[in-house]
Amino acid sequence: MSLPHPVTGARFASPVPPGSGWPDDPGAATTPVAHAPAEVVGLADTGDLAELDARVSVCRACPRLVAWREDVATAKRASFAGEPYWGRPIAGWGDPDPWLVVLGLAPAAHGGNRTGRVFTGDRSGDWLFAALHRAGLAASPTSVHSGDGQRLTGVRIVAAVRCAPPANKPTPAERDTCAPWLAAELALLPSVRVLLCLGGFAWDVALHQLARTGRPVPRPRPRFGHGVVAPVGDLWLLGSYHPSQQNTFTGRLTPAMLDEVFATARERGGRDVR
Ligand code: SF4
């Protein structure tokens, strides 16, 4: 059954077929699909960011996650029953030549997995985009859906694991299967100076990837903490508590703390501190 996109009104099946007109869909009907970990490795080696995004957006290499994301897209949450769900992997999104990369854990089942854009359509994203806007990095303080006019300047947001996992917990095997997409993406972003990791999972994945790609990761490896900054060659790794409801509801992470993190990012990235 096709349902109308909340912004454009165009009708889509759930999951959304690649290249069917969804706003910002990087994929096409002809985009090659990875069905196994070895195929992720091969297809990640494209050398072109737009093509990488396209290949990510149709990946089917993790059977458990493919089943979960598509089941959620079909069943839907009652409050979104009238909407189509993206139901595919979430590619990186934002400025194609960023100085700052924000690295999250994985898309939310009814957030990115519904809207087709990273950190869009859930409470964590509300916090993150509001902070990006206050820091002068996002055009709007809200990010509700693909096609809503939101735009990032100097920043790209990516997830360490590109498909929504059950209970927000990818397995180590799923993390490792998805890793070549992230490694390839970072290699295609030469202007990045700051890698902001939201939570310990993203921090560990970032360190692992940077070490694998030959970056001079300090020994012993720096431990994650809110506000921790670690140099990795010409890059700064910066830690922040994840803006999950668990952290924001309890006051473990406040808007002022996030503002402080983005001020640090601007400073380390050689940008004017606002
Ligand atoms: Fe592919 Fe990553 Fe999704 Fe696994 S988690 S299916 S590797 S995009």
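**Exercise 1. The crossing of α5 and α9**

Work out which hand the crossing of α5 and α9 has in this predicted model, and which residues make the contact.

*Solution.* Start with the hand: α5 and α9 cross in a right-handed way. Next, look at who does the touching. From α5 come Trp127, Ala131 and Arg134, while α9 supplies Pro255, Leu258, Asp259 and Phe262. Now sort these by class: the contact of α5 with α9 holds 5 nonpolar and 2 charged residues, and no polar ones.

**Exercise 2. Naming the angle**

Decide how the packing of α5 against α9 should be described: roughly parallel, roughly antiparallel, roughly perpendicular or oblique.

*Solution.* First find the two helices: α5 covers residues 123-134 and α9 covers residues 255-268. Their axes lie 10 Å apart and meet at an angle of about 55°. Angles under 35 degrees would be roughly parallel, and 65 to 115 roughly perpendicular. An angle of about 55° fits neither range, so α5 is oblique to α9.

**Exercise 3. Into the core**

Find the residues with the most contacts inside the largest nonpolar core, then pick Ala160 and list what it touches.

*Solution.* The largest nonpolar core has 80 residues. Those with the most contacts inside it are Leu103, Ala160, Leu195, Leu196, Cys197 and Ala202. Take Ala160 next, leaving aside residues up to four places away in sequence: it touches Leu103, Gly104, Leu105, Ala106, Arg175, Leu182, Phe201, Ala202 and Val205. As background, nonpolar side chains in soluble globular proteins tend to be buried together.

**Exercise 4. Two cis peptide bonds**

Locate the cis peptide bonds that lead into Pro15 and Pro220, and say where each proline sits.

*Solution.* Begin with Pro15, which is joined to Ser14 by a cis peptide bond with omega of about -10°. Pro15 lies in the loop between β2 (11-12) and α1 (37-44). Then move to Pro220: a cis peptide bond links Arg219 to it, again with omega of about -10°. The loop holding Pro220 runs between α7 (200-212) and β7 (229-232).

**Exercise 5. Positive phi**

Place Asp24 and Lys76, two non-glycine residues with positive phi, and classify each as buried, partly exposed or exposed.

*Solution.* Asp24 has phi near 65° and is in the loop between β2 and α1. Count its neighbours: 13 other C-beta atoms lie within 10 Å, so Asp24 is partly exposed. Lys76 has phi of about 60° and belongs to the loop between α3 (63-75) and β3 (93-94). Here the count is 19 C-beta neighbours inside 10 Å; buried would need 20 or more, so Lys76 is partly exposed.

Definitions and conventions: Residues numbered from 1 in each chain as written. Predicted model: local features only at pLDDT ≥ 70, side-chain atom pairs only at ≥ 80, totals over all residues. Core = buried A, V, L, I, M, F, W, Y, C linked by C-beta atoms within 7 Å. Buried ≥ 20, exposed ≤ 12 C-beta atoms within 10 Å, placed from the backbone. Contact = placed C-beta atoms within 7 Å. Axes fitted to C-alpha atoms, helices over the stretch in contact; angles between N-to-C directions. Helix = DSSP H or I, 4+ residues; strand = E, 2+ residues; numbered from the N terminus. Parallel < 35°, antiparallel > 145°, perpendicular 65-115°, else oblique. Left-handed = near helix turned anticlockwise from the far one by under 90°. Nonpolar A, V, L, I, M, F, W, Y, C, P; charged D, E, K, R; others polar.
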